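Open your viewer, switch on the cartoon display, and keep the selection box handy. We will walk through the chain one stop at a time.

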Amino acid sequence: MKKLIIEGKRELTGTIKISGAKNSIVALIPATILSDGKCTIYNVPNISDVHRLIDMLKILKVKVKFENETLYIDSTNSINAEIPEEHATKLRASYYFMGALLSKYKHSEISYPGGCSIGARPIDLHINGFNKLGATTKIEDNKYKITAKKLVGTDIFLDIASVGATINLMLAAVKAKGITHIYNAAKEPEIVNVSSFLSSMGAKIYGAGTGEITIEGVDKLGDGIVEVIPDRIEAGTYLMIGSLLGKNLVIEGIVKEHLGSVITKLKEAGCDLEIKGSTININKVKNLKAVNVKTLVYPGFPTDLGQPMSALLTQCEGESFFEENIYENRMRHIKHLNAMGAKIKLFDRSAIITGKTPLKGRNVVATDLRAGAAMLVAGMIAEGTTVISNIEHILRGYENIVEKLSQVGASVKIMEE
Ligand code: EPZ
């Protein structure tokens with residue numbers, strides 16, 4: 001197991017370049033098997049989830065080359081094969097192979113997906129949607145076996161605007177016979193990224209990024225090309241760290257529209273952010289003000305930034321109210337923040353955070369990816385040394401985190417346990 005050692009309170013100056021979005025690339029890679037040809041994906045982050053998914057492509061005999069942040073993928077001779085447990089359980093996004101394999105081969109066999117333990121995270125909406133398109137799903141020895149004689153376009157209404165279900169059903173519907181409407185679709189930017197990739201292969205998809213997506217099935221999908229959008233969650237995390245420690249800190253390569261709710265909220269707290277095209281200049285501010293944060297589906301405040309934001313709220317004068325509305329178990333970082341000196345009263349899925357409290361470095365644990373990000377924010381501003389264990393979680397979603405932070409003046413290093 002690896003640990004992150006942080007010496008807090010370092011002033012940060014310089015430029016941090018944002019990488020391609022984890023939650024885009026983990027869908028774009030499975031989508032490549034829908035092509036009967038070759039795909040090129042630019043701006044690919046070098047994170048462990050990408051390597052896990054490349055392993056799965058290789059099981060399907062897809063040829064993959066990953067160099068200079070670019071994936072060259074050749075699915076010409078791909079086959080259908082079961083994605084075994086030791087792979088599927090490594091990350092939640094393995095479930096995108098369900099929609100892609102079902103779409104291409106009318107059959108997929110995948111073990112239960114993995115993913116951060118932030119709630120039950122069922123996939124009923126995915127399965128119900130596949131079945132509405134004409135598939136039959138059986139669960140046998142921890143595997144989903146999904147088969148369809150043929151897939152026929154239909155209307156699908158999602159009970160929850162689920163990111164994963166929206167993407168998975170787009171993958172399943174692009175080669176179905178006829179028209180599919182997905183209502184109450186998720187609007188996250190990653191969905192638009194996947195939609196444009198599928199369109200580059202010849203898919204007919206309209207309305208991605210809105211609550212209603214229309215898909216006209218096609219028989220064949222050819223070569224595909226796409227650039228991964230910048231990671232708005234990585235960017236938001238560094239914006240929060242910069243708001244506490246930055247001195248002319250520049251976050252480069254963002255899409256400001258993807259960060260609307262986050263920038264608005266940080267400015268409401270008094271953060272000094274100056275947007276210039278695709279960069280944001282940040283300077284730390286002494287007296288940040290308490291604000292209320294409720295996580296919602298896009299374009300609301302993203303659930304993935306709720307945990308790091310709660311660490312920032314410990315440094316805001318007054319009582320902040322923080323509420324997590326997407327997952328039922330995404331508050332496990334609170335006890336570690338309190339152990340560092342924060343003053344947080346925790347209720348079921350909400351918390352009252354009283355600031356400003358000085359934080360003291362200590363040994364903490366990353367219970368999941370974004371809880372790890374919360375520990376990172378806290379450790380960066382704490383007095384003394386913070387040691388974060390289980391940082392494999394963090395390394396899944398933050399490319400080159402030690403290099404990016406060290407080069408702007410942070411004292412962070414990885415220690416093998
Ligand atoms: C994606 O997860 C992201 N992961 C998550 O990021 C992100 O938090 C989430 O979207 C919401 O934005 C990836 O893209 C790999 P959902 P996903 O389906 O698709 C419930 C991170 O830190 N639900 O939108 O799994 C579900 O339990 C990760 O990068 C059902 O009930 O999220 C949750 O409460 C964490 N049934 C809510 O909907 C379903 O069939 C939203 O989930 C599907 C979801």
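What follows is a tour of a predicted model, with a selection to make at each stop.

**Stop 1: the two domains**

Start by colouring residues 2-19 and 230-416 as domain 1, then give residues 22-227 another colour as domain 2. Taken over C-alpha atoms, the centres of domain 1 and domain 2 are separated by 30 Å. If you display the contact between them, you will find 21 residues from domain 1 and 21 residues from domain 2 taking part.

**Stop 2: the sheet with β1**

Next, select residues 2-7, which make up strand β1. This strand belongs to an open sheet of four strands, ordered β22-β23-β1-β24, with mixed pairing. To find the edges, pick β22 at 363-365 and β24 at 411-416, each of which pairs on one side only. Look along the sheet and you can follow its twist, which averages 25° from one strand to the next. Now zoom in on β1 and β24: the two are antiparallel and are joined by six bridges. For a landmark, show K3 and look across to M415 in β24, which stands opposite.

**Stop 3: helix α1**

Select residues 22-31 for helix α1. Is this helix mostly covered or mostly open? It is mostly covered, with nine of its 10 residues buried. Among the buried ones are I25, V26, L28 and I29, and K22 is on the list too.

**Stop 4: a lysine over a ring**

Show the side chains of K65 and Y72. K65 lies over the face of the Y72 ring, 5.2 Å from the ring centre.

**Stop 5: the three-stranded sheet and its helix**

Move on to β6 (107-111) and β8 (residues 143-147), then add β7 (136-140). Together they form an open sheet in the order β6-β8-β7, and the pairing is antiparallel. Here β6 and β7 are the edge strands, each pairing on one side only. The average twist from one strand to the next is 15°. Between β6 and β8 there are five bridges, and one to click on is H107, whose bridge partner in β8 is T147. Now add residues 96-105: this is helix α4, which packs on the sheet and touches β6 and β8. The direction of α4 makes about 160° with that of β6.

While you are here, select N142 in the loop between β7 and β8. N142 is not a glycine, yet its phi is positive, near 60°. With a relative accessible area of 39%, N142 is partly exposed.

**Stop 6: aromatic pairs**

How many aromatic pairs are there? The count comes to three, and we will visit two of them.

Begin with Y112 and Y144. Their ring centres are 5.2 Å apart and their planes stand at 70°, so this pair is edge-to-face. Y112 sits in the loop between β6 and α5 (124-132) while Y144 is in strand β8, so the pair ties together parts 32 residues apart in sequence. Turn on the surface to compare the partners: Y112 is partly exposed at 32% relative accessible area, whereas Y144 is buried at 10%.

Then select F157 and Y183. These rings have centres 6.4 Å apart and planes at 20°, so the pair is stacked. F157 comes from strand β9 (residues 155-157) and Y183 from strand β10 (residues 179-183), which puts the partners 26 residues apart. F157 is exposed, at 60% relative accessible area, and Y183 is partly exposed, at 24%.

Select N184 next, in the loop between β10 and α7 (189-200). Its phi is positive, about 60°, although N184 is not a glycine. N184 is partly exposed too, with 29% relative accessibility.

**Stop 7: two cis peptide bonds**

Finish with the backbone in stick view. Most peptide bonds are trans, which makes the next two selections worth a click. Pick Y298 and P299: the bond joining them is cis, with omega of about 10°. P299 lies in the loop between β18 (293-294) and α10 (306-313). Then pick G355 and K356, whose peptide bond is also cis, with omega near 5°. Here K356 lies in the loop between β21 (350-355) and β22, and β22 takes you back to an edge of the four-stranded sheet from Stop 2.

Notes
Residues are numbered from 1 along each chain as its sequence is written. This is a predicted model: local features need pLDDT of at least 70, side-chain atom pairs count only at pLDDT 80 or more; totals for chains, interfaces and linings use all residues. Side-chain values use heavy atoms; hydrogens and water are left out. Buried means under 20% relative accessible area, exposed over 50%, partly exposed in between (1.4 Å probe, protein chains only). Two strands pair if DSSP finds at least two bridges between them. Axes are lines fitted to C-alpha atoms, for helices over the stretch in contact, and angles run from 0 to 180 degrees between N-to-C directions. Rings of Phe, Tyr and Trp (its six-membered ring) pair if their centres lie within 6.5 Å; planes under 30 degrees apart count as stacked, over 60 as edge-to-face and the rest as tilted. A charge sits over a ring if NZ of Lys or CZ of Arg is within 6 Å of the ring centre and within 35 degrees of the ring normal. Contact means heavy atoms within 4.5 Å. Domain bounds come from an automatic or database domain assignment.
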